[in-house]
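The following exercises are to be worked through with the sequence and the structure in view. Please attempt each task before reading its solution.

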Amino acid sequence: MNGPTALPPWLPTAPCTPGRCAAHPDGTGPDSGAGLPRALARLTAGTAAVLLGVLLAPAAAPLPPAARLALVRLWTRTVVRAFGVRVRYEGTPAAGPLLVVANHVSWLDVPLLAAVLPARTVAKAEVRRWPVLGLLAALGGTLFIERDRLRALPGTVRAMAGILAAGGRVAVFPEGSTWCGRERGRFRPAAFQAALDADCAVQPVRIDYRPADAAAYVGDDPLGTSLWRVVTTRRLTAEVRLADPLPSGRYPDRRALAAAAQRAVAPRGTTRRDPARRDPARRVPAQRARASDSANLSPSSVHQRARSRPAAASSSRTPP
C-alpha cells in the first residue's frame with residue numbers, strides 16, 4: 001500500500017498523489033452537509049463491523065476450517081458493504097493452492113479479495129501499526145515484510161512457497177505500491193518465484209472502482225482521510241474480475257509468469273493473447289485441486305507446517 005515519500009531506490013513507486021488522483025469525485029468535499037448523516041452512519045457501521053471481527057476471532061478459532069472460511073467471507077463482505085461500497089464479482093475462484101495476485105488501488109482491495117478468496121496476505125510492515133486494522137491483519141495471518149530491507153525478500157518468498165506447498169493460498173499485490181486505477185504499475189516478478197517453487201497455479205484478479213478517485217489510497221494519503229472519502233462517496237462500486245488461473249509450470253521463469261499475470265488483469269480491450277497458449281511445448285496438465293482451505297488461516301488457529309519444497313532454495317537468490 002501507500003508509503004512514505006522517501007523510499008529506497010529499488011522500491012516501486014507510483015506517480016499517483018492524493019491531490020491529483022484522490023480528489024473527492026463530486027467536487028463538494030467530505031464536509032458536504034447533504035451527505036454528512038449518511039457518511040457518519042457508514043463510518044460507524046464499518047468500524048463496528050471491523051471491531052466485531054476482532055472480538056469474535058478467538059471464538060471462531062475452534063470451528064472447522066470450512067466454517068471459519070465461510071465466516072471470513074461473510075464478515076469481509078459485511079465490512080465492505082457497511083462502508084457503503086457495492087461489489088460486483090465476475091468469474092469463479094479456482095480450487096487448491098493458489099498465488100492470488102491483483103492490481104493495487106486501495107486498502108479496500110484486501111477485504112474484497114478475502115470475500116471471495118481468503119488467503120494469507122503479504123503486506124508492508126507499517127500495516128501492523130495501523131489502529132484496529134493492524135491487529136486484524138495480524139490475527140488473519142498476514143505476512144509482514146520490511147520493504148526497505150532487500151535482504152528480507154528471499155525469506156518472505158520462502159515463507160510464501162511453504163504456505164503454497166502445504167496447500168494454502170497467498171495473496172500479494174505485485175505492483176509493490178498502490179496506483180490510482182487510471183495509472184498502473186508493472187508486476188514485479190519476485191513473488192511469482194513462490195508459485196514456481198511450490199508448483200502451484202497463479203490466480204490473477206482485476207479490481208476496479210467507480211468512481212476510481214474515491215477509492216484510491218495513494219502517496220501519503222492518511223488512512224483516516226481515505227476512510228472519510230469512501231464513506232462520503234455516493235454509489236461507490238467495486239468490480240472484481242477473476243481471470244483464468246495460470247499453471248506456473250507453463251512458464252520458463254518468474255518474469256514470464258509475472259508478465260502473463262499482468263496481461264490477464266489488464267483492462268478489457270488491451271489484453272494480448274498469452275504466447276504460452278500458442279506454444280504446445282509449454283503446455284502442462286492442469287493442476288489438480290489439493291489440500292483444503294485450512295492452510296489459508298492464521299497460524300494461531302490452524303496447526304500447519306510451512307514446508308518448502310527443495311526447489312524453494314532458488315528463492316534465496318530472488319531479486320525484487
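Five exercises with worked solutions follow.

The model is predicted, so local features need pLDDT of at least 70 and side-chain atom pairs count only at pLDDT 80 or more, while totals for chains, interfaces and linings use all residues. Residues are numbered from 1 along each chain as its sequence is written, and side-chain values use heavy atoms, with hydrogens and water left out.

**Exercise 1. Strand β5 and its partners**

Task: Determine which way the side chains of strand β5 point and whether they are buried or exposed; then identify the strands joined to β5.

Solution. Step 1: Locate strand β5 at residues 169-172; helices (H or I, at least four residues) and strands (E, at least two) are DSSP runs, numbered from the N terminus. Step 2: Recall that side chains in a regular strand alternate between the two faces of the sheet. Step 3: Assign the directions: Arg 169 and Ala 171 point one way, Val 170 and Val 172 the other way, and all are buried. Buried means under 20% relative accessible area, exposed over 50%, and partly exposed in between (1.4 Å probe, protein chains only). Step 4: Find the partners, given that two strands pair if DSSP finds at least two bridges between them. Strand β2 (residues 98-102) runs parallel to β5 and is joined to it by four bridges; strand β3 (residues 120-124) is also parallel to β5, with two bridges. Step 5: Inspect Ala 171, which has Val 100 opposite and also Thr 121 opposite.

**Exercise 2. Cover of helix α9**

Task: State how many residues of helix α9 are buried, and which.

Solution. Step 1: Take residues 223-231 as the helix. Step 2: Count the buried positions: seven of the nine, so that the helix is mostly covered. Step 3: Name them: Leu 223, Ser 226, Leu 227, Trp 228, Arg 229, Val 230 and Val 231.

**Exercise 3. A nonpolar surface patch**

Task: Identify the residues that make the nonpolar surface patch.

Solution. Step 1: Apply the criteria: patch residues have over 30% relative accessible area and no salt bridge, with like charges joined within 9 Å and nonpolar side chains (Val, Leu, Ile, Met, Phe, Trp, Tyr) within 5 Å. A salt bridge is a side-chain nitrogen of Lys or Arg within 4 Å of a carboxyl oxygen of Asp or Glu. Accessible areas come from the Shrake-Rupley method with a 1.4 Å probe; for residues, only the protein chains shown count as cover. Step 2: Select Leu 52, Leu 55 and Leu 56, which make a patch of about 320 Å². Step 3: Place Leu 52 in helix α2 (residues 36-60); its relative accessible area is 46%, so Leu 52 is partly exposed.

**Exercise 4. Backbone exceptions**

Task: Find where the cis peptide bond lies and what phi Asp 199 has.

Solution. Step 1: Recall that most residues other than glycine have a negative phi, and most peptide bonds are trans. Step 2: Examine the bond from Arg 210 to Pro 211, which is cis, with omega near -5°. Pro 211 sits in the loop between β6 (201-210) and α8 (212-215). Step 3: Examine Asp 199, whose phi is positive, about 55°, although it is not a glycine. Asp 199 belongs to the loop between α7 (192-198) and β6 and counts as partly exposed because its relative accessibility is 34%.

**Exercise 5. A contact distant in sequence**

Task: Give the C-alpha separation of Pro 18 and Asp 221.

Solution. Step 1: Locate Pro 18 in helix α1 (residues 18-21). Step 2: Read the C-alpha separation, 5.7 Å, for these two residues that are 203 residues apart along the chain. Step 3: Classify Pro 18 as partly exposed, because its relative accessibility is 24%.
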